[in-house]
Amino acid sequence: MKVDLYEKVWMWVAAVLILAFFAAIAVAAGVHAVHPPSHMETIDPAAVLESEEFSRAGVEVAVDGRVVVTVVAEMFLFDPDEIRVPAGRPITFRLTSTDVIHGFEVVGTNANAMVIPGYVTEFTIRFAPGEYLITCHEYCGLLHHEMQGMLIAEEESS
Amino acid sequence: MSRHRLAAAHFAVAVAAFAVAACLGLLQALSIAGVELPKWGEAQFYLSMTAHGVLMALVFTTFFIMGLGYLFARETLGRLVGEKTAWTAFGLAIVGSVGAAWVVLAGKGTVLYTFYPPLQAHPAFYIGATLLVVGSWLWGGVLLASYRSWRRDNPGLPAPLPVHGMLATVIVWYLATAGLAVEVVGMLIPWSLGWVETIDPVVARTFFWWFGHPLVYFWLLPTYVLWYTVIPRVAGGRLFSEPLARMVFVLFVLFSTPVGFHHQFADPGIEAGWKLVHTFSTYAILFPSLVTAFTVIASLEVAGRLKGARGLFDWIGKLPWGDPFFASVALAMLTFTLGGLGGAINAAYAMNTMVHNTAWIQGHFHLTVGTTVGLTFMGATYWLLPRLTGRELRLPALARLQPYLWFAGMVLFSGANHVAGLMGMPRRIYDVTYLGAEQAARWVPLTRIAAAGAVLLFVSALCYVVVSVATWLSGRRSEAPAFEFARPLVPVAGRGLWDRLGLWTVAAVILIAIAYAYPLLHLLSQQRFGSPGVAPF
């Protein structure tokens, strides 16, 4: 197959560009450990509200200082809809849904995940101090746009 | 006309679906911007959004592509084997589309065009969608049969390039819709009929995105066929490199499907490592598109130079910017450079979290499918109609204006959505004010810019529909110009590696198995709890 010289050069440029993209992603994932929320844990959506963990949804500080926020998403609200967490510390979210697929986005941050019935979504993130709007970003029915909450990241007095 | 009655029927349905969907699009954009519309509320908004997505992304595109396939086969192979089957397929696709659209417009299927369970629509929605796809499968069969018949008569010759591209499209479509069939026939239909109680939403999403991403190549490949085989001719040039064009279509066959997890980065139930694997295969598909950019632009440069251009850039001015098809494709290509880069951001394993499910996404696919594909198809209509109907284009001034209007509208609409998305505005929401939340207040001006863009887009769509209908019904009868395809600078000698589509299909199946076998087995081996159906209202 005869390929024009300029086109050959261009194909090399394209290949190098794509390899550079690969490398950037591999470094972010491998060195900086940036991963999308990919937790594997199942839960019976009909029994969420009776479960030990999700019946007491909210913010909990474990003995080791870890902050865990459990949230139940259902048409058309988040429980709790106001979340207060310390700023700057790693916050682990655990979320699930009792009915349909919802989204959980803390606006202006990298907290952005799907909440799917039958599964537990888990991810860990830190927040700069401030007040953030929480939205459901996956269409979940007639009042989808009313499904919202607030996250307040407070500076700790040391 | 009689020779191409079949193709013409498909284009007519495509234009009709486009017209309805364009009206709905305008209403949605105005509604998001806070304009009060009569008899309009959240129910109408989400219903309209479902119908707009289904009609534009599934009905308009599928019918247009089926029409193109028949046309290319008839013109370049000189035959269509199984024309009766093709009409049956057309009937099935019509019945399915009308059925699904009826369910949506009756308010019994407001599940958006992604129809993620456990949101549940009336069974006729899923069955209608299935009939549309079955129609398209028969279409693929007719193209394959026509090609086999041609090959028997022309041993050793490679398929004409337009058919090579359409065969690649058919293969991508078969590979993609295998996933859709598992989801819809295997899961959604029995569940919506009440034969099974529950459904696993992550498994369903996984099969949906097995289909959902190659779907975009089902749209894009026929677009590339037009860019490679028709546009150089319209511009008065030659195809710069035919072997590379053949390679490009094969690379899409290989890499279109094993990429679905880049739509599920934010999902639980799928391991991060496999999401990373799909990220890399997604980036591999950038390569054939980058090659396409070179080959098509080089072909246009040949056109400019044949017309006497000498300097580095003055060939650009020699191109037929007043030809509505050429202008459409030129603007579609320009849009694709932006849309393609945006796509690379969406597929970026870590960066995706900034844009996932935000207005950025709708901004993105209105550039790619909405303009790169949509504008190319609209422009192609101006080329097709006189050749199909033997009638001269009516209102040519409107046709010339239309692509520029579309482009301007899309710059506003898509630009505003990209920015709003980066600022965190979710996609597909009826009310962006969130009870006066401070962060949401900053989105509102952007929704107004998007609405202004939508008005331009609507006017452009109106021009397109008016020109198409007027030409069809009352264009001046004249000798129909021939369908002419671009000749390559150097003709290919015989069948080569890139023509062995059967072999490449086997390789593609292996790649799909590698990408999906383990993640699906792992998912299915969990103790899983299904969900019963939930009505969205």
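Student: At which residue does α13(B) bend, and by about how many degrees?
Tutor: The bend in α13(B) is about 25°, at Phe336(B). Bend here is the angle between axes fitted to the seven residues ending there and the seven starting there. Helices (H or I, at least four residues) and strands (E, at least two) are DSSP runs, numbered from the N terminus. This is a predicted model, where local features need pLDDT of at least 70, side-chain atom pairs count only at pLDDT 80 or more, and totals for chains, interfaces and linings use all residues. Residues are numbered from 1 along each chain as its sequence is written, with chains lettered from A and ligands numbered from 1 in the order in which they are written.

Student: OK, switching to chain A. What's the strand order in the open sheet of 5 strands?
Tutor: The order is β4-β10-β9-β6-β7 (chain A), and the pairing is mixed. Strands count as paired if DSSP finds at least two bridges between them. β4 (82-86) and β7 (112-115) of chain A are the edge strands, each pairing on one side only.

Student: And how do β6 and β9 run, parallel or antiparallel?
Tutor: Antiparallel: 2 bridges join β6 (residues 102-106) to β9 (residues 130-135), both of chain A. Glu105(A) has Thr135(A) in β9(A) as its bridge partner.

Student: How many residues of chain A are in contact with chain B?
Tutor: 53 residues of chain A contact 62 residues of chain B (C-beta atoms, placed from the backbone, within 7 Å).

Student: Which element gives the most on the chain A side?
Tutor: That's α1(A), with 11 residues.

Notes:
Contact = placed C-beta atoms within 7 Å.
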